[in-house]
Structure formats: structure tokens, C-alpha cells
Amino acid sequence: MFPDAFNNAIVPPSVQATFPYIFAVSKYLQDGTFDLVGKIIYEIDQQPFQSIFYNGTIEVVEAGGFLSVESVFLVTLGIALLVLLGLWLHGQFQHITKKTKRAPKVEVGTRATDASMDEWLQVMT
């Protein structure tokens, strides 16, 4: 829309001209500081030229409230990683401090016994 407004503009020699231009950044651009650089293509005596200029630093900030989807995601991810690290450390600590107990040997069913010797099996008369 705006670049077409300057097509075929004629600036006489030794005269300066100013052309306002409004620009917008992509909605997918992250917050931060960026350099604003522009390129002008022009013709002098039917010879094409181009000039690249630096017009300072711009700051892109997110419009909206205090919380963004990205910050909520990053905080949630950080908490989840800390919980997983804590669980892993707890498991390692339990593994290191676990004492191995030796169970006493119990012999089952390998010895022949006389059932009359077992008092608990005798019926009271």
C-alpha cells in the first residue's frame, strides 16, 4: 500500500525530500531490540541505484497483560524439570542408603518329623 505511493516521485537535483513510511512487525516476532535498516531503489538518468540506510534501533514489546503464553510455558517446564530432578535424586538417595538384609535360612519340608511330637497337633481329650 505505502510503497506504491512513492512510485514515480520526482525529486529535482540538489533538493532533499522526506517520505513518511509506516511499517509493522510480524506478530510472530519475539520481543527484543532490533536495528531498523531500509533500502531505497531509485533512478538517475535511467540508471538504477539503491541505497541502504540505518535508521536506529527499535524495541519490539509484546502488547497485552503481565503473563504471556511463552512465560507460562517456560515456568511450567522449569517446575516440571525441577520435580523430575528431585524425584531422580530421591531415588538415588534411597538406592544408596538401602541396607541389604540377609534373611535367615529356613528349612521347609526337608526333615522328617514325628507328628506326635508336635503338641499343637494333639487333640485335647
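These legends accompany close-up views of a predicted model.

**View 1. The whole chain carries two helices and two strands.**
The model is predicted. Read from the N terminus, the order of elements is α-β-β-α. The chain has 125 residues, and 2% of them are buried. Its accessible surface is about 12,700 Å². Carbon and sulfur atoms supply 62% of that surface. Among contacts with a separation of 6 or more, 27% join residues 24 or more positions apart.

**View 2. Strands β1 and β2 pair in the antiparallel sense.**
Strand β1 spans residues 32-44. Strand β2 spans residues 47-60. Twelve bridges link the two strands. At one position along the pair, Gly32 stands opposite Val60 of β2.

**View 3. A turn of two residues joins β1 to β2.**
The two strands form a hairpin. Asp45 sits in the turn. The phi angle of Asp45 is positive, at about 50 degrees.

**View 4. Gly38 is a buried residue of the hairpin strand β1.**
Gly38 belongs to β1. Its relative accessible area is 15%. Gly38 counts as buried because this value falls under the 20% cut-off. Beyond its neighbours within four places in sequence, Gly38 contacts Ser51, Ile52 and Phe53. Tyr54 is 16 residues away from Gly38 in sequence. In space, the C-alpha atoms of Gly38 and Tyr54 are 6.5 Å apart.

**View 5. Residues 71-89 carry a UniProt annotation, "transmembrane region".**
The annotation comes from an unreviewed UniProt entry. In the model, this stretch is 100% helix and 0% strand. The C-alpha atoms at the two ends of residues 71-89 lie 27 Å apart. Helix α2 itself covers residues 69-97.

**View 6. Nine named side chains make a nonpolar surface patch.**
The patch consists of Phe73, Leu74, Val75, Leu77, Ile79, Leu81, Val83, Leu84 and Leu87. Together these residues have about 880 Å² of accessible area.

**View 7. Phe73 is an exposed member of the patch.**
Phe73 lies in helix α2. Its relative accessibility is 51%. Phe73 therefore counts as exposed, as the cut-off is over 50%. Phe73 is also one of the residues in the nonpolar patch.

Key
Residues are numbered from 1 along each chain as its sequence is written. This is a predicted model: local features need pLDDT of at least 70, side-chain atom pairs count only at pLDDT 80 or more; totals for chains, interfaces and linings use all residues. Side-chain values use heavy atoms; hydrogens and water are left out. Two strands pair if DSSP finds at least two bridges between them. Helices (H or I, at least four residues) and strands (E, at least two) are DSSP runs, numbered from the N terminus. Buried means under 20% relative accessible area, exposed over 50%, partly exposed in between (1.4 Å probe, protein chains only). Contact means heavy atoms within 4.5 Å. Accessible areas come from the Shrake-Rupley method with a 1.4 Å probe; for residues, only the protein chains shown count as cover. UniProt positions are given in the numbering used here, feature names are shortened, and annotations may be inferred rather than shown by experiment. Patches are made of residues with over 30% relative accessible area and no salt bridge: like charges are joined within 9 Å, nonpolar side chains (Val, Leu, Ile, Met, Phe, Trp, Tyr) within 5 Å. A salt bridge is a side-chain nitrogen of Lys or Arg within 4 Å of a carboxyl oxygen of Asp or Glu.
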